[in-house]
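Here are some short exercises to work through with the structure open beside you. Try each task first, then compare your reasoning with the solution below it.

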Amino acid sequence: MLLILLDSNRSGIKPGALQTPQADKKSSAGLILTTRERSALNRNYFNTRLWKPGQAHVGIEQSRDNGMHALRHWYASVLLDAGESIRAVSEYLGHSDPGFTLRTYTHLMPSSTERTRAAVDAAFAAGRHAGKEADTELEQPSRG
């Protein structure tokens, strides 16, 4: 579930609280969109009563590519691109198996190639730098 957090200090809106589904963790998050009872909206209600009518009103084609599920994928891709771990993203999305998250979202990690290349380049550069220091020590004439 995509949780939208609200900084209640900047707004007069008092967010509703949502208990996270993990039984071993006691934490909550503020929600912007809630029911009248201040609980989390049911996703089916949100999609059929709010999201889809809103799309129709502004002329956006209703498809899976423009739906709430696309926002879920966007959320996961933003976290992964920022370097968040698969395990953490899996937990945030409510997946019980990080392997499922990895299989589903691996293709959404576009900068992983660049991060890998940068890490290897940095390792080689550090090795070259260390090698030059060793060569300099060997080239200096001994005093004595």
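**Exercise 1. The overall layout**

Task: Find how many helices and strands the chain has, and the order in which they come.

Solution: Start by counting elements in this predicted model: the chain holds five helices and two strands. Next, read from the N terminus, which gives the order β-β-α-α-α-α-α. Then turn to burial: the chain has 144 residues, and 17% of them count as buried. The surface comes next, with about 11,100 Å² exposed, 55% of it supplied by carbon and sulfur atoms. Finish with the contacts: among those between residues at least 6 apart in sequence, 30% join residues at least 24 apart.

**Exercise 2. One residue in a helix**

Task: Decide whether V89 is buried or exposed, and list what it touches beyond its sequence neighbours.

Solution: First place the residue: V89 belongs to helix α3, residues 86-93. Its relative accessibility is 0%, and the cut-off for buried is under 20%, so V89 is buried. Now look for partners, setting aside neighbours within four places in sequence: V89 contacts A76, L79, L80, E84 and T101. As a distance check, take the C-alpha atoms of V89 and Y75; they are 9.2 Å apart, while the two residues are separated by 14 residues along the chain.

**Exercise 3. How two helices pack**

Task: Work out how α3 is oriented relative to α4, and which residues meet between them.

Solution: Begin with the geometry. Helix α4 spans residues 98-105, and its axis lies 8 Å from that of α3, at an angle of about 100°. Angles from 65 to 115 degrees count as roughly perpendicular, so that is the description for α3 and α4. Then list the two sides of the contact: α3 brings I86, R87, V89, S90 and L93, and α4 brings P98, T101, L102 and Y105. Sorted by class, this contact has six nonpolar, two polar and one charged residues.

**Exercise 4. The core and its cover**

Task: Identify the residues of the largest nonpolar core, then find what covers the buried part of α3.

Solution: The largest nonpolar core has seven residues: A76, L79, L80, I86, V89, L93 and Y105. The elements giving two or more residues to this core are α2, residues 68-81, and α3. Within α3, the buried residues are I86, A88, V89, S90 and L93. Their cover includes α2 and α4. Step just past the end of α3 and you reach G94, with a positive phi of about 85°.

**Exercise 5. Two loop residues**

Task: For R38 and G67, state the loop each one sits in and how accessible each one is.

Solution: Take R38 first. This residue lies in the loop between β2 (28-31) and α1 (43-58). With 38% relative accessibility, R38 is classed as partly exposed. Check its backbone too: phi of R38 is near 70°, a positive value in a residue other than glycine. For context, most residues other than glycine have a negative phi.

Now G67, found in the loop between α1 and α2. At 13% relative accessibility, G67 counts as buried. Not counting residues up to four places away in sequence, G67 touches W51 and Q55. Lastly, compare sequence with space: G67 and K52 are 15 residues apart in sequence, and their C-alpha atoms are 8.0 Å apart.

How values were computed: Residues numbered from 1 in each chain as written. Predicted model: local features only at pLDDT ≥ 70, side-chain atom pairs only at ≥ 80, totals over all residues. Heavy atoms only, no water. Helix = DSSP H or I, 4+ residues; strand = E, 2+ residues; numbered from the N terminus. Buried < 20%, exposed > 50% of the residue type's maximum accessible area, 1.4 Å probe, protein only. Contact = heavy atoms within 4.5 Å. Axes fitted to C-alpha atoms, helices over the stretch in contact; angles between N-to-C directions. Parallel < 35°, antiparallel > 145°, perpendicular 65-115°, else oblique. Nonpolar A, V, L, I, M, F, W, Y, C, P; charged D, E, K, R; others polar. Core = buried A, V, L, I, M, F, W, Y, C linked by side-chain atoms within 4.5 Å. Areas by Shrake-Rupley, 256 points an atom, 1.4 Å probe, with all protein chains shown as cover.
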